[in-house]
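This report walks a new reader through a few helices of one protein chain and then through three single residues.

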Amino acid sequence: MFAAIEAFLPEAVAWRRDFHAHPELSFAEHRTGARVAELLRNFGCDVVETGWSGTGVVAVINGSGRGRRIGLRADMDALPIFEASGVEFASEVPGVMHACGHDGHTAMLLAAAKYLAATRAFAGQAVLIFQPGEEAGGGARAMLAEGFLTRYPLDEVYALHNMPGLAVGAYATRPGPIMAAADMFSIEITGRGGHAAQPHLALDPVMIAGHVLVALQTVVSRNVDPLKPAVLSVSTVVSAGSGACVIPARVVLTGTVRSFDLAVQDLLEDRLRAVVLGIAAAHGGVATVDYLRDAPATVNDAVCSGYALDVARGLSGAVEGNVAPMMVSEDFSEFLNLVPGAFMFVGNGDGPLLHHPAYAFNDAGLPFGAAWLAGMVEARG
């Protein structure tokens, strides 16, 4: 199988680099989705459907008999980042870049589709999911809300992500929680603007925001069991001010909260709200909190993670079966909440981390991802 996929690696690299040069943001993957659908039809897939959640594509490849229906998912969207990778096929869209390797994931699943459609060495059915909107969140949730699992009730579902720092040809996963739930918050603090030389006549929201910023650092350290992982990070602080001598009327803080345990997730949201509202009120200001639970924790089914590792071990001698959980998140978790399955990391070699302007997907990893995806269908279909 690996040799068969490797034989058309130049084609897969060309698809990937084309996607890279023409990145599209979440739910705007019109060109990408159209090209994916065109290729899938050319491969001879039995069903190719477009328009899932706007730009998503679903394809079906029938096997040789009656067996399991196995889902394989790839994400297609890019990030709002100015590229600094220096590659010759760099983004032609200013301020948009495939800085997470979703162009590679799409090419991997396309390569797996080409192989599976040509060989059909499985009994059941492969359902290929080219999902929009993973980076902005909500793509998986939107497809499920549109009735994806009603139309395609899967027996198992699998996905992967490239991982910088993991050697090309290496695989890593674990049973149970592998990535955290991602919550996002926006805090608006309102006071009364005025002249910075007359602070007694104003109600300074910058000062209130400073107290909030410091106090939020205790939400994890003084409320969560230290044996349970949790992160709370304030990422931006923006005021409505217009100069050094102006006290603004409003300040907005945004950030993210990460956790694995639902009880911890509930605790973090409750404490964040209490801290923010209490501090603002104590200083005479007003605060509002918008809190979004963006993606649940990604939890691998214990049995399916074993199947995933078995396929990986058939392709490589470098397989880690108990990788440490990570505080990053993935909305593939929405599928895993409803269908048994597993998520696999595939090596991208050394280089800048994900979401960095200089990140570069390593094309040498393409056949390893494609072979693992196709292998899951052959092993479980």
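Helices and strands are here DSSP runs, helices of at least four residues and strands of at least two, numbered from the N terminus. In these terms, I81 is found in the loop between β3 (69-75) and α4 (102-119). The model is a predicted one.

**Three residues in their surroundings**

I81, with a relative accessibility of 15%, counts as buried, because buried means under 20% relative accessible area. Once residues up to four places away in sequence are set aside, I81 touches G95, V96, M97, A99, H355 and P357. One of these partners, A99, is 18 residues apart from I81 along the chain, and the C-alpha atoms of the two are separated by 7.4 Å.

H161 has its place in strand β5 and is buried, its relative accessible area being 7%. Apart from neighbours within four places in sequence, H161 is in contact with C100, H102, H105, E330, F343, M344, F345, V346 and L354.

D18, by contrast, is partly exposed, with a relative accessible area of 22%. This residue belongs to helix α2 (residues 9-21), and beyond its neighbours within four places in sequence D18 is in contact with R31 and R35. Between D18 and A324, which are 306 residues apart in sequence, the C-alpha to C-alpha separation is 34 Å in space.

**Two helix pairs**

The helix that holds D18 also packs against another helix: α2 and α4 meet at an angle of about 145°, with their axes 9 Å apart. The crossing of α2 with α4 is right-handed. On the side of α2 the contact is made by E11, A12, W15, R16, F19 and H20, and on the side of α4 by D103, G104, T106, A107, L110, A111 and K114. Sorted by class, the contact of α2 with α4 has 6 nonpolar, 3 polar and 4 charged residues.

A second pair is formed by helix α9 (residues 302-313) and helix α11 (residues 366-380), whose axes come within 9 Å and cross at roughly 115°. The crossing of α9 and α11 is likewise described as right-handed. Y307, A308, V311 and A312 of α9 make this contact together with W372, G375, M376, A379 and R380 of α11. Here the residues divide into 7 nonpolar, 1 polar and 1 charged.

**Lengths and buried faces of two helices**

The table sets the expected span of two helices beside the distance between their end C-alpha atoms.

| Helix | Number of residues | Expected span | End C-alpha distance |
|---|---|---|---|
| α7 (residues 205-221) | 17 residues | 24 Å | 25 Å |
| α9 | 12 residues | 16 Å | 17 Å |

For α7 the two values agree, and for α9 they agree as well.

Which residues of α7 are buried? They are P205, I208, A209, V212, A215, L216 and V219. These residues cover an arc of only 135° around the axis, and therefore lie on the same side of α7. The buried residues of α7 pack against β8 (181-190), β10 (230-239), β11 (246-247), β12 (250-259) and α8 (262-282).

In α9 the buried residues are C304, S305, A308, L309, V311 and A312. Seen down the axis of α9, they fall within an arc of 160°, so they line one face of the helix. The elements against which the buried residues of α9 pack are β5 (156-163), β6 (171-172), β14 (298-300), β15 (319-320), β16 (341-347) and α11.

Technical notes: Residues numbered from 1 in each chain as written. Predicted model: local features only at pLDDT ≥ 70, side-chain atom pairs only at ≥ 80, totals over all residues. Heavy atoms only, no water. Axes fitted to C-alpha atoms, helices over the stretch in contact; angles between N-to-C directions. Left-handed = near helix turned anticlockwise from the far one by under 90°. Contact = heavy atoms within 4.5 Å. Nonpolar A, V, L, I, M, F, W, Y, C, P; charged D, E, K, R; others polar. Expected span 1.5 Å × (residues − 1). Buried < 20%, exposed > 50% of the residue type's maximum accessible area, 1.4 Å probe, protein only. Arc of directions from axis to C-beta.
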